[in-house]
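Visitor: I would like to learn how to read a protein model step by step, going from the whole chain down to single residues. Could you guide me through one?

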Amino acid sequence: MTERALRLGTRRSKLAMAQSGHVADAVRQLTGRPVELVEITTYGDTSREHLAQIGGTGVFVAALRDALLAGEVDFAVHSLKDLPTAQHPELTLAAIPKREDPRDVLVAREGVTLDTLPAGARVGTGSPRRMAQLNAYARSHGLTIETVPIRGNIDTRVGYVRKGELDAVVLAAAGLNRIGGTEELTGSLSVEHLSVDAVLPAPGQGALAVECPASDADLVSALAELDDPYTRAAVTAERTLLAALEAGCSAPVGALADLLADGRGPEQVVTEMRLRGVVGTTDGSTLVQLSTTGPVPTSHDEAVALGRELADEMLAKGAAGLMGERAL
């Protein structure tokens, strides 16, 4: 008798379906079981309000978690940056696969880069984090830009530039890569990967979260094979920073943990992890940007400690006052 198909809950967007498809393929190979995608519409997909007004990106997660808890699906795939930092008591983060490119990209009219945006350029993004850092970059480099809040999927956002309604939009590189890369965007558009020195990504950006009921020990064990320990350590440090700042996933907080290698060539040995964090006012007038470096975490607690350490330093420099309403 063939085993019943595992049901993977996913949002319906093109990007979510692509992400979930990659995970489904990996789970089929691991378990030998069929995997079917179950499309779930979330409030975040149907609401036209700005994300910050409806509770941030966590609204994309709630319906998937409800389906998991109701037994309608066996496991779910989220963009990790959408996941609330508090772990759900009945669910477990069974796997965080190897991370995609965490950077942001600027999609602009042909030949235009961040440094060559015309005076008064309108740059679209739905993210207070991106607004804060883009505006701060513009201030420090003598540029005048206007950040414009937008919503919608990748095609919708890029469409604003194609139609000339905006000069540029900022998107996550990982999302573009997962739906086929930047090739299809070229032709009348230019794509620039933004340096993390200019714009730090959202905590967990580029990583996926595979979540399932904590009570399903066999499934937890099977999905754990997809886990990448370095990615898990990095995003745990980033998300701890976010949580320790008491900021929700729509707060203007950027964070990136990366591995520092010692030596050159193929003999490189990873010795340390550097965690960088930024928080700022959305107009870019004030930023608190700090980093800390420590041994590569070998446990959850060590990764948490790295995030807490940097959060404490940022709070001491006034980070709390820059985030607007604190999450209660």
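**From the chain to its residues**

Guide: The chain carries 9 helices and 13 strands, and please keep in mind as we go that this is a predicted model.

Visitor: How many residues does the chain have, and what percentage of them is buried?

Guide: Of the 328 residues in the chain, 52% are buried, where buried means a relative accessible area under 20%. The accessible surface comes to about 14,800 Å², and carbon and sulfur atoms account for 50% of it. If you take the contacts between residues at least 6 apart in sequence, 71% of them join residues at least 24 apart.

Visitor: Let us turn to the sheets. What is the strand order in the open sheet of 5 strands?

Guide: As a general idea, strands of a sheet pair through backbone hydrogen bonds, and the pairing is either parallel or antiparallel. In this open sheet of 5 strands the order is 2-1-3-10-4, and the pairing is mixed. Strand 2 (35–39) and strand 4 (91–95) are the edge strands, each of them pairing on one side only. On average, and with direction ignored, neighbouring strands of this sheet are turned by 35° against each other.

Visitor: How do strand 1 and strand 3 run, parallel or antiparallel?

Guide: Strand 1 (residues 6–10) and strand 3 (residues 75–79) run parallel and are joined by 2 bridges. To find the pair on screen, look for Gly9, which stands opposite Ala76 in strand 3.

Visitor: Strand 3 also holds His78; is His78 buried or exposed?

Guide: His78 has a relative accessibility of 3%, and therefore counts as buried. Leaving aside residues up to four places away in sequence, His78 touches Val61, Leu64, Leu83, Ala207, Leu208, Ala209 and Glu211.

Visitor: For comparison, where is Arg122 found, and how does its accessibility class follow from its value?

Guide: Arg122 is found in strand 6 (residues 121–124), and because its relative accessibility is 32%, Arg122 counts as partly exposed. The class in between runs from the buried limit of 20% to the exposed limit of 50%. With residues up to four places away in sequence not counted, Arg122 touches Glu146, Val148, Glu165, Leu166, Asp167 and Ala168. Glu146 lies 24 residues from Arg122 along the chain, yet their C-alpha atoms are separated by 4.8 Å.

Visitor: Now the helices. Why can helix 4 be called largely enclosed by the rest of the structure?

Guide: Of the 13 residues of helix 4, 11 are buried, so the helix is largely enclosed by the rest of the structure. The buried residues include Met131, Leu134 and Tyr137, and also Arg129 and Arg130. Helix 4 (residues 128–140) reaches 18 Å from its first C-alpha to its last, close to the 18 Å expected at 1.5 Å a residue.

Visitor: What should I look at where helix 4 starts, and what just after it?

Guide: At the start of helix 4, a side-chain oxygen of Ser127 comes to within 3.2 Å of the backbone nitrogen of Arg129. Just after helix 4, Gly142 takes a positive phi of about 70°.

Visitor: Which residue takes a positive phi just after helix 8, and how many residues does helix 8 have?

Guide: Glu246 takes a positive phi of about 55° just after helix 8. Helix 8 (residues 229–244) has 16 residues and reaches 22 Å from first C-alpha to last, close to the 22 Å expected at 1.5 Å a residue. Among its buried residues are Val235, Leu241 and Leu242, together with Glu238 and Arg239.

Key: Residues are numbered from 1 along each chain as its sequence is written. This is a predicted model: local features need pLDDT of at least 70, side-chain atom pairs count only at pLDDT 80 or more; totals for chains, interfaces and linings use all residues. Side-chain values use heavy atoms; hydrogens and water are left out. Helices (H or I, at least four residues) and strands (E, at least two) are DSSP runs, numbered from the N terminus. Buried means under 20% relative accessible area, exposed over 50%, partly exposed in between (1.4 Å probe, protein chains only). Contact means heavy atoms within 4.5 Å. The expected span of a helix is 1.5 Å times one less than its number of residues. Two strands pair if DSSP finds at least two bridges between them. Axes are lines fitted to C-alpha atoms, for helices over the stretch in contact, and angles run from 0 to 180 degrees between N-to-C directions. A polar contact is a pair of N or O atoms within 3.5 Å; within protein, one must be able to donate a hydrogen and the other to accept it, and residues adjacent in sequence count only if both atoms are side-chain atoms. Accessible areas come from the Shrake-Rupley method with a 1.4 Å probe; for residues, only the protein chains shown count as cover.
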